[in-house]
Structures are given as C-alpha cells and as structure tokens.
Amino acid sequence: MKQLTINQFVRKNILELQPYISFRDHNEFDTPVLLDANESPFGAFNRYPDSTQRKLRNKIASLKNISPDQIAVGNGSDELIDLIIKIFCEPKKDSIMMMNPSFAMYAFYAAINENKVVRLDLDQNFQIVKNEFLKTINDEGVKVFFICSPNNPTGNSVKDIEFYIQNFNGIVVVDEAYIEFSDQKTSLDLLEKYPNLIVLQTFSKAWGKAGARVGIACASAEIIKFINTVKAPYNVNSLSQELIMDCIDREDEFKRNLEGIIREKNWLQNEFQNITCIVKVFPTDANFFLVQFNDVDNVHQMLLGNEVLTNKRSPAIPDCIRINIGTREENTKLITILQNI
C-alpha cells in the first residue's frame, strides 16, 4: 500500500464519527435488571439483540481461524457493501471499480451513495485484463475495487487475486459469496499481509440460510472498527444470530448438503452435453451455470411457461441464462424441458 495508512482512505466525517454504544452490550453482568432500553418486560424476543454480536463473532472466528476483532457481521453482504462505500468513498467525488459483468449491487450502492462506477470489461474467459486494470487505477478518485470470485454471474474464479491487491492503491474487497463451492484458496489467508484487504463471505449460499440475511466482512481490526462504527446498532436480529450459531454447531449437516450440491452440479453438467439447444456451458466454481443457448428468448420463455425460474443475462452477456443447481427433482424437470425445445 506504499506506506499509506487506512485512515488516509477513510472519509473525514467518518474519522470523526463516534459509534453508538449500547452500555449493556459493552459490559458484563451476571443477572442484570434491564430497565435501560425501554423494552417490554414480556415476551420471548422482547430484548434488543446483542449489538456487538459477540457470541456469533466468536463462533465465526473459530470457524474461519481468524480473530473476532477481524469480523464484522452484516444484514447480508449487501449491508456490508453499502457500509464499505460509505466509509471510504466521498459522495460526488470518489469512485468504485468493479468487474464487468459482475454482481450488480456494487454499482447499486455506489449510485445510492452518489459515487461513480468504473467498470473493467472482462476478457472472453471472464478474467480481468491486467493491462486495462493498471491503466484504470491511475484514475484519480478510484477508492474501492470490488473483486467477485467466484464471479456472479459468470461462475469463474479470478486468477492471481494477489496481483490486484498489491497494485491497487486503495481498498480491495474480495467477495467470496460462493467460495465454499470452489477449489480456489480463500483470500482470508492474505489478511495479515495486506491491510487494505476486505474479504466478504455469507451464510446465504452454501450454508443455505439466505432468509436469515447474515454476511460477514473480514479485515484488519482497524477496518472492522470503522464498519462497526457506521453500521446500525442492532443490524442483525436475535433470531438470525441464534440460527447461524446453531448452523455452525451443525457443520456436518452443512458439509452433507454441500456434497449433495456438488453431486447435482456434476450430474447437470453431464446432462447438459446432450441438450441440442445449448451452445456452450461455461466453466463454473459456483453453485450455478452460465449457459449459452441458440435461441435464448425462446428457451427462457419455455422455462418460464413451465414455472422454472432462471436468470436471463442476455443481452448483457449475449444469449446466456444463469441457472442455479436445485434438487434432483428440480434439475430433472429443467433437463426434461430443455430436451424438448
């Protein structure tokens, strides 16, 4: 990072911001009488959730083999993306950079925060073009670079991620929402080496808890402190915190489900080879396929007419539909429809 400190990237008003501190959550009591937060004394979930998510962060830290101080918990990764942009990007002045195509919410939250979006067009293999990256990073005001790996909607992992962290004079966010499906090495291993790195992960995909809305940001304790300063005090509800802790305690179930998805992925890939309307199935490290069809509009309408919902990516990615892996019953229905087109 060329001898620069994190504070030099943080907006001045954020540096001066004092976090909301719940007195209850920052102190240890044995059997307190809780008359401090205007709550009802009745009900199973009548108390505000732990604003520090201490127990949950400790469990996640053990799972990920990092310090609890290196973890911020968000209401899904979406909230964390929004907070990162708020912390580091001055509205109407600074820009974020992202791959194109990639996860749309980076640009969405940049627009909400009045920040420009610089898009790096990917090559035919959906990889970043290094020369274009090196040219673009010289643009003044590019503060945060979002790398989605495995990438949504293309499914591939980004090669040589460390090169981009080393050469970007700003904050690099590696979004690993699909990392559990991939053989790619997690960028969590690079946190100690690069203070400008933030790694996003989620319990929505491989862990099967999309409805709980729990994502995590892993970074230096310094960056995590800023995220916890800017986040809403009670951003993750008690039910979700308890659900994810229980989920981590039942890691064997997660592993069985993950193995099942991988089996279905292999089955689908084999079945796709015999579908005449398919032009190409792109390599994927995620729980979905990007598939090119010879008549994408007709295929999409046929699937929709049979109540099979998929994600049409054309014309942004010509002739392509993104299809995620379901149960064997769901996958069989998909294949049967495609065979008859």
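**Asking what the terms rest on**

Colleague: Why is helix H3, residues 76–88, described as mostly covered?

Modeller: In this predicted model, twelve of the 13 residues of helix H3 are buried, and a residue earns that word when its relative accessible area is under 20%. Among those buried in H3 are Gly76, Asp78, Glu79, Leu80, Ile84 and Phe88, so that charged side chains are not judged by another rule: the word buried rests on accessible area.

Colleague: How do you know that the radius of gyration suits a protein of 341 residues?

Modeller: A compact globule with 341 residues would have a radius of gyration near 20 Å, and the protein has 22 Å, so the two agree. Its C-alpha atoms fill a box of roughly 65 × 55 × 30 Å along the principal axes, and 52% of the residues count as buried. Eleven helices and eleven strands make up its list of such elements, and, of the contacts between residues at least 6 apart in sequence, 69% join residues at least 24 apart.

Colleague: What makes the span of helix H8, residues 238–249, agree with its number of residues?

Modeller: At 1.5 Å a residue, the twelve residues of H8 should span 16 Å, and the C-alpha atoms at its ends are 17 Å apart, which is in agreement.

Colleague: Which residues of H8 are buried, and what covers them?

Modeller: The buried residues of H8 are Ser238, Ser240, Gln241, Ile244, Met245, Cys247 and Ile248. Their cover includes helix H2 (54–64), strand E7 (214–218) and helix H9 (251–272). An α-helix has 3.6 residues a turn, so residues three or four places apart point the same way. At the start of H8, moreover, a side-chain oxygen of Asn237 comes to within 3.0 Å of the backbone nitrogen of Leu239, and the limit for a polar contact is 3.5 Å.

Colleague: Why are Tyr20 and Tyr234 called an aromatic pair, and what makes the pair edge-to-face?

Modeller: The structure holds 16 aromatic pairs. For Tyr20 and Tyr234 the centres lie 6.4 Å apart, and the limit is 6.5 Å, so the rings count as a pair. Their planes stand at 70 degrees, whereas edge-to-face requires over 60, so the name applies. Tyr20 belongs to the loop between helix H1 (12–15) and H2, and Tyr234 to the loop between helix H7 (221–230) and H8, so this pair ties together parts that are 214 residues apart in sequence.

Colleague: Is Tyr20 buried or exposed, and which word fits Tyr234?

Modeller: Tyr20 has a relative accessible area of 54% and is therefore exposed, as that word calls for over 50%. Tyr234, at 26%, is partly exposed, which is the word for values between 20% and 50%.

Colleague: What makes Lys130 count as lying over the face of Phe163?

Modeller: Lys130 is 4.4 Å from the ring centre of Phe163, and the distance limit is 6 Å. Phe163 also forms one aromatic cluster with Phe133, Phe145, Tyr164 and Phe168. Arg328 likewise lies over the face of Trp267, at 4.3 Å from the ring centre.

Colleague: Why does Ser95 count as buried, and which residues is it in contact with?

Modeller: Ser95, placed in strand E2 (residues 95–100), has 6% relative accessibility and so counts as buried, the cut-off being 20%. Leaving aside neighbours within four places in sequence, the contacts of Ser95 include Cys89, Lys116, Val118 and Gly141.

Colleague: Where does Lys92 lie, and why does it count as exposed?

Modeller: Lys92 is in the loop between H3 and E2, and its 68% relative accessibility makes it exposed. Its phi is positive, about 65 degrees, although Lys92 is not a glycine. Glu114 also has a positive phi without being a glycine, of about 60 degrees; Glu114 sits in the loop between helix H4 (105–112) and strand E3 (116–121) and is partly exposed, at 43%.

Colleague: What is the omega of the cis peptide bond from Ser149 to Pro150?

Modeller: That cis bond has omega near -5 degrees, and Pro150 lies in the loop between strand E4 (142–148) and helix H6 (161–167). The bond from Ser314 to Pro315 is cis too, with omega near 15 degrees, and Pro315 is in the loop between strand E10 (311–312) and strand E11 (320–324).

Methods
Residues numbered from 1 in each chain as written. Predicted model: local features only at pLDDT ≥ 70, side-chain atom pairs only at ≥ 80, totals over all residues. Heavy atoms only, no water. Helix = DSSP H or I, 4+ residues; strand = E, 2+ residues; numbered from the N terminus. Expected span 1.5 Å × (residues − 1). Buried < 20%, exposed > 50% of the residue type's maximum accessible area, 1.4 Å probe, protein only. Contact = heavy atoms within 4.5 Å. Polar contact = N/O pair within 3.5 Å; in protein donor to acceptor, adjacent residues only side chain to side chain. Phe/Tyr/Trp six-rings, centres within 6.5 Å; stacked < 30°, edge-to-face > 60°. Lys NZ or Arg CZ within 6 Å of the ring centre and 35° of its normal. Rg over C-alpha atoms; globule rule 2.2 N^0.38 Å.
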